[in-house]
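Biologist: Please take a close look at one part of this model, the charged pair within a single helix, and then set it in the context of the rest of the chain.

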Amino acid sequence: MPSVVASEPLRRSIREKWRKIWTKRSLMGLLLGQFVSLLITSTGFSSSELVRRGVNAPTSQSFLNYLLLAMFYGVFVVRRQRPLQINWYYYLMLAAVDVEANFIVVKSYQYTSLTSVMLLDCWAIPCVILFTWLFLKTKYGLRKFVGVAICVAGLVMVVFSDAHAKDRAQGGPNPLKGDLFIIAGSTLYAVSNVGEEFIVKKGDRVELMAMLGIFGAVISAIQISILERNELKDLNWTAGVVLPFLGYVLAMFLFYSTVPIILKICGATLLNLSLLTSDMWAVLIRIFAYHQKVDWMYFIAFAGVAVGLVIYSISKKEVETAQVAVATDKQDKREDEEAAMGNLTRGSTTVVENQSSGVVNQQPSSVTILPKQDSYVATSHHGN
């Protein structure tokens with residue numbers, strides 16, 4: 001019987017702690033992170049389909065996305081008829097970094113292997129942590145670093161599971177150049193994500209998307225006229241080319257529209273950790289859509305990345321709040337017990353006080369009469 005009584009407060013404290021840790025904010029961040037991860041997976045398959053059909057125009061794909069952002073969000077900015085909350089040149093610099101990051105990362109596939117890109121793409125995570133710590137003054141506890149380490153370890157496991165692939169054996173025509181490209185592109189992605197996080201928390205999400213679309217479209221158009229003009233001129237615009245193009249643009253538009261929300265809720269680090277699962281979603285698509293066999297390590301890696309995301313998304317403040325709630329519950333129980341003991345003590349002393357109350361009350365009354373008389377006499381004497 002005592003064990004049952006003791007287990008009920010324990011279960012109640014566990015439920016309370018669970019509710020405190022799994023807040024609506026952390027769950028929303030995890031769900032949105034996996035949504036953008038699926039979108040990135042969709043853009044990867046669209047780009048692969050375009051490459052399979054002989055299309056090599058990465059800046060042109062980004063141009064349509066920036067143009068759609070400018071048209072959609074620009075309408076809301078114009079209707080507001082108010083000045084920009086952030087100076088325009090900040091948006092210009094952010095757009096330039098974002099455009100070149102997209103271009104360099106896509107370009108790296110021409111020189112190095114796919115597994116090298118997957119591995120070196122993790123470079124964006126320590127860059128984001130460093131930049132947010134330096135410029136946004138974000139504090140990271142031990143729990144955050146444990147979550148990051150587990151996520152990266154899961155992705156490294158995927159890379160090692162592909163060690164037997166021909167892709168890794170070939171290594172690409174110029175692996176060193178490709179590796180340097182992906183490191184540079186990942187660094188620019190980190191700069192772009194941290195810049196967007198700063199603007200979202202200081203300014204407005206709609207304004208960010210509109211200005212990023214406008215300047216991104218302008219920069220992309222200039223770059224297309226220099227680098228991809230002949231490619232677009234010789235391109236045969238069939239349905240097999242147009243549909244992947246439109247699919248890429250739609251997925252990128254939804255991705256860019258969702259990213260600022262994640263940055264405002266959870267920050268740039270959780271965003272980049274969530275994007276690690278895009279490779280896992282690609283594996284699931286290969287299994288169910290193309291009926292391909294994959295190594296068993298993929299599933300362990302996916303579970304590892306998921307665990308790392310959960311650990312990272314649980315902030316130290318939320319855990320401390322849960323611990324305080326449990327401690328408060330225990331303190332309330334102790335106070336109730338002390339109050340019950342105090343009532344018993346006061347009840348035993350009340351009888352003694354009531355027996356002596358007559359004597360105690362008479363003495364003050366006899367004392368208080370004399371000052372009143374003295375004060376009356378003194379007052380009448382002063383009046384005379």
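Modeller: Glu 197 and Lys 201 both belong to helix H9 and stand four residues apart, about one turn of the helix. Helices here are DSSP runs of H or I with at least four residues, strands are runs of E with at least two, and both are numbered from the N terminus. The model is a predicted one, in which local features need pLDDT of at least 70 and side-chain atom pairs count only at pLDDT 80 or more, whereas totals for chains, interfaces and linings use all residues. Residues are numbered from 1 along each chain as its sequence is written, and side-chain values use heavy atoms, with hydrogens and water left out.

The two side chains form a salt bridge, with 2.9 Å between the closest N and O atoms. The term requires a side-chain nitrogen of Lys or Arg within 4 Å of a carboxyl oxygen of Asp or Glu. The partners differ in their surroundings: Glu 197 is buried, at a relative accessible area of 3%, while Lys 201 is partly exposed, at 47%. Buried denotes under 20% relative accessible area, exposed over 50%, and partly exposed the range in between, with a 1.4 Å probe and protein chains only.

By this rule the model contains three salt bridges. One of them joins Asp 204 to Arg 80, whose closest N and O atoms are 2.7 Å apart. Asp 204 lies in the loop between helix H9 (175-202) and H10, and Arg 80 in helix H3 (residues 58-80), so this pair ties together parts that are 124 residues apart in sequence. Asp 204 is buried, with a relative accessible area of 16%, and Arg 80 is partly exposed at 32%. Another salt bridge links Glu 49 and Arg 53, at 3.2 Å between the closest N and O atoms. Glu 49 has a relative accessible area of 22% and is partly exposed; Arg 53 is likewise partly exposed, at 42%.

Helix packing may be followed from Leu 94, a residue of helix H4 (residues 88-108). Leu 94 is buried, with 8% relative accessible area. Setting aside neighbours within four places in sequence, Leu 94 is in contact (heavy atoms within 4.5 Å) with Ser 192, Gly 195, Glu 196, Ile 199, Leu 208 and Leu 212. The C-alpha atoms of Leu 94 and Leu 188 are 9.8 Å apart, although 94 residues separate the two in sequence.

A second buried position is Ser 37, in helix H2 (residues 24-52), with a relative accessibility of 0%. A polar atom of the Ser 37 side chain lies 3.4 Å from the backbone oxygen of Ser 274. Not counting residues up to four places away, Ser 37 touches Ser 274, Leu 275, Thr 277, Ser 278 and Trp 281.

Aromatic rings add a further set of pairs, 12 in total. The ring centres of Tyr 89 and Tyr 90 are 4.9 Å apart and their planes meet at 40 degrees, so the pair counts as tilted. Rings of Phe, Tyr and Trp (its six-membered ring) pair if their centres lie within 6.5 Å, with planes under 30 degrees apart called stacked, over 60 edge-to-face and the rest tilted. Tyr 89 is partly exposed at 38%, as is Tyr 90 at 41%. Tyr 140 and Phe 145 form another tilted pair, 6.1 Å from centre to centre with 55 degrees between the planes. Phe 72, Tyr 73, Phe 76 and Phe 253 make up one aromatic cluster.

For the chain as a whole, there are 17 helices and zero strands. Of its 384 residues, 38% are buried. Among contacts with a separation of 6 or more, 90% are between residues 24 or more positions apart.

Finally, confidence should be considered. The mean pLDDT, the predictor's confidence in each residue from 0 to 100, is 74 for the chain, and 68% of the residues score at least 70. Helix H10 (residues 205-227) has the highest mean among the elements, 94, and helix H17 (residues 357-383) the lowest, 40. Residues 317-330 fall below 50, and this stretch has 17 contacts in the model beyond near neighbours in sequence. Residues 348-384 are also below 50, with zero such contacts. Where pLDDT is low, the predicted coordinates should not be read in detail.

Methods. Polar contact = N/O pair within 3.5 Å; in protein donor to acceptor, adjacent residues only side chain to side chain.
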